[in-house]
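Colleague: I am new to this model and would like a close look at one part of it. Please take me through the protein surface around one of the DNA strands.

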There are 2 protein chains.
Amino acid sequence: MNKPTVHDIAKEAGVSLATVDRVLNARPGVRDKTIAKVQAAVERLGYVRDTYAANLARQRQYRFAFLLPEGPSQFSDTLKLALQEAYSSHVADRTLLKIVPVASHDPHAIVRTLQGLNVAQLDGVALMVPETPQVRDAVARLKAAGLAVVALVSDLPNSQRDHFIGINSVAAGRTAGLLMGRFVKGSGEILVVTNSMRSRDSLERRLGFDAVISSDFKNLTALPSIESYDDPVRMDQIVAQVVAARPRLAGVYSMGGGNTTMLNALRRSGRLDEIAVIAHELTPSTRQALEANEVAAVITQNVGHLVRSALRVLRNLCDQAPIFESQERIRIEIVVRENLP
Amino acid sequence: MNKPTVHDIAKEAGVSLATVDRVLNARPGVRDKTIAKVQAAVERLGYVRDTYAANLARQRQYRFAFLLPEGPSQFSDTLKLALQEAYSSHVADRTLLKIVPVASHDPHAIVRTLQGLNVAQLDGVALMVPETPQVRDAVARLKAAGLAVVALVSDLPNSQRDHFIGINSVAAGRTAGLLMGRFVKGSGEILVVTNSMRSRDSLERRLGFDAVISSDFKNLTALPSIESYDDPVRMDQIVAQVVAARPRLAGVYSMGGGNTTMLNALRRSGRLDEIAVIAHELTPSTRQALEANEVAAVITQNVGHLVRSALRVLRNLCDQAPIFESQERIRIEIVVRENLP
DNA sequence: GCGTAGATGAGGAACGTACATCATTTCAAG
DNA sequence: CTTGAAATGATGTACGTTCCTCATCTACGC
């Protein structure tokens, strides 16, 4: 048998096509009893709406905005690239994408950008911004305007966002901790660096990292986090100082960006071969360092999956269609020299 | 501007809709000059055919068969599950799936099953079978019948298959080797077990594993591969014997199935905590062993991606549409206790 | 029994594409 | 200049769905 159509449903339920349509699209003017009849027919025949025919008929256009951190960052560059690629493939059929750069370090700028969005011309928004009370309010405003809102990479758990597309930062930190413990032979100290501990991601990664190190690897001591505040000069100094001052340094865990600078400082120290480095996000510089055996492992998320998942979820949210969680779960990927994609 | 349609192309090229249609669908009866005119218009307007409208119009049905190993195997069970899931999601729209179990250890049975396929009722086939000359011939026959053929999990490189969906076994073995080298402290011996070294996968994994161990980890000695021939009793004996006979055993690399039995034997030995175990494929038993800290790492491929990729590639092959390599590349995933999905 | 509002039916146009049919034009060979 | 085949145009129907209009039916209160 072929797949049932709305016509089959009409016949099966003993009603007209128009009524089936009214029920399926939740339009008013149908008695409860009739609704039930139609739904029963849908159940019996196992009808599933042909989304593509439907979108064709209703001339559906999905209009999405992606708010991504502006400025030079290898991670957001790869993200944008993946977005372009998804856009040019059929993955983004009937979809209009707008990439909005946002000064993510400045909470006021974020809110200004969010408020500057023309909600009337949008169906959904993906946000990669740190969570602040103002951002939460802005998300509430987007939701009130009827938009689908997803948090990308970095969650906004206390906002009204519909969905989070990204990895669990605590688990990512725990993974880094486990690998660090397994990689370092003997005992020693671990330097932990990041841009800023004010970001939820860094906090959670640190939390997970420490939990595993302190419970499973008592031979290791994780030093207090040092922040670079996105300043390459500062990052360079931190790393150089710590390496010089701590002969027992056995590992470096880099929770945020600035890996190029961090690695250069380590290279200069001449101790790179005795220090296990674990970093986040696969970018040109971490990739190169993996290939050169300078970085032991990179914890990353597949940006291709990330953007495709964001697009699928946004579309399903707009259609009020169910979301296949198992397909949308972004994995915490471990990349070493030999499984570089 | 909205996306251009065939009508726009007709107008732009100064020809009729019928001619555009003839060109786009490579139907005969169009002069080369006219073909060029139409193609130029397509280029200029950036026209891309709306696959869904096209499939709707032509009542396209994709009919695929998946030949998967029969019999009790945790891996093919999860594969079947993923296939069911993909089928019930919109991923498999307009697709009819048939799962054909095949006695994969018996080359003659494989060929019989392959020849038993009704090629007239199929548009594509995904094969998870070991490569033999007879299989190569059977693939040639499928191709001659005009079917799309993809190899799944295990490649058939010397056959006429259109595509391989799976991971590079040599790289997977190298990854296992690198992790083993990083995980084992000090020196020692590594037991390598598999079902059968006659399978290409095992051979290649071993190749990659040895290459990394011998070049980067001279402190380790990888023992000759031992085969279980899919026999749990034999597997149990192998592991028990080796563990008892070799006090310097520091790791076990399990390249194939039978992990439940292998792990039980190791548990009985009481030496599990001093032996680093690396296995392939995330299944209920390897997952449980990861959680219990008995297995250090599992090298796996995401079966969800695997089947979705197979479906996409088969469909694109049928439509003669280009394949997005970056989306279809299956990653070699490393799973440890902390990044279990 | 009437009026009315609400429920339902009947039918059609549209979305972008495929494909069939038949009519018309083009162009080169005779 | 005719002939005929090849090339092209014009037009219509179909796919499954949405959405619109208009007509009819039903049930209810009066």
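Modeller: The part to look at is the surface near DNA strand D, in what is a predicted model. By residue type, this surface divides into ten nonpolar, nine polar and seven charged residues. There are 26 residues around DNA strand D, and those that come nearest are Tyr47(A), Ser16(B), Thr19(B), Arg31(B) and Thr34(B). On the DNA side, sugar and phosphate make up 71% of the strand D atoms that come within 4 Å of the protein.

Some individual contacts can be named. The backbone of Ser16(B) places an N or O atom 2.7 Å from a phosphate oxygen of DNA strand D. From chain A, Arg27(A) has a side-chain N or O atom 2.8 Å from a phosphate oxygen of the strand. Asn25(A) also has a polar side-chain atom 3.3 Å from a phosphate oxygen of DNA strand D.

As for the elements behind this surface, α1 (6–13) and α4 of chain A each supply at least two residues, as do α2 (17–24) and α4 of chain B. The largest share, four residues, comes from α4(A).

DNA strand C can be set beside this. Around strand C there are 26 residues, with Ser16(A), Thr19(A), Thr34(A), Tyr47(B) and Arg49(B) coming nearest. Sugar and phosphate account for 73% of the strand C atoms within 4 Å of the protein. The largest share of the surface near strand C, four residues, is from α4(B). Contacts to bases can be named there: a polar side-chain atom of Arg22(A) is 2.9 Å from a base nitrogen of strand C, and a polar backbone atom of Ala57(A) is 3.1 Å from a base oxygen of that strand.

Note on methods: Residues are numbered from 1 along each chain as its sequence is written. Chains are lettered from A and ligands numbered from 1 in the order in which they are written. This is a predicted model: local features need pLDDT of at least 70, side-chain atom pairs count only at pLDDT 80 or more; totals for chains, interfaces and linings use all residues. Side-chain values use heavy atoms; hydrogens and water are left out. A residue is near a molecule or strand if one of its heavy atoms lies within 4 Å of it. A polar contact is a pair of N or O atoms within 3.5 Å; within protein, one must be able to donate a hydrogen and the other to accept it, and residues adjacent in sequence count only if both atoms are side-chain atoms. Ala, Val, Leu, Ile, Met, Phe, Trp, Tyr, Cys and Pro count as nonpolar, Asp, Glu, Lys and Arg as charged, and the others, Gly among them, as polar.
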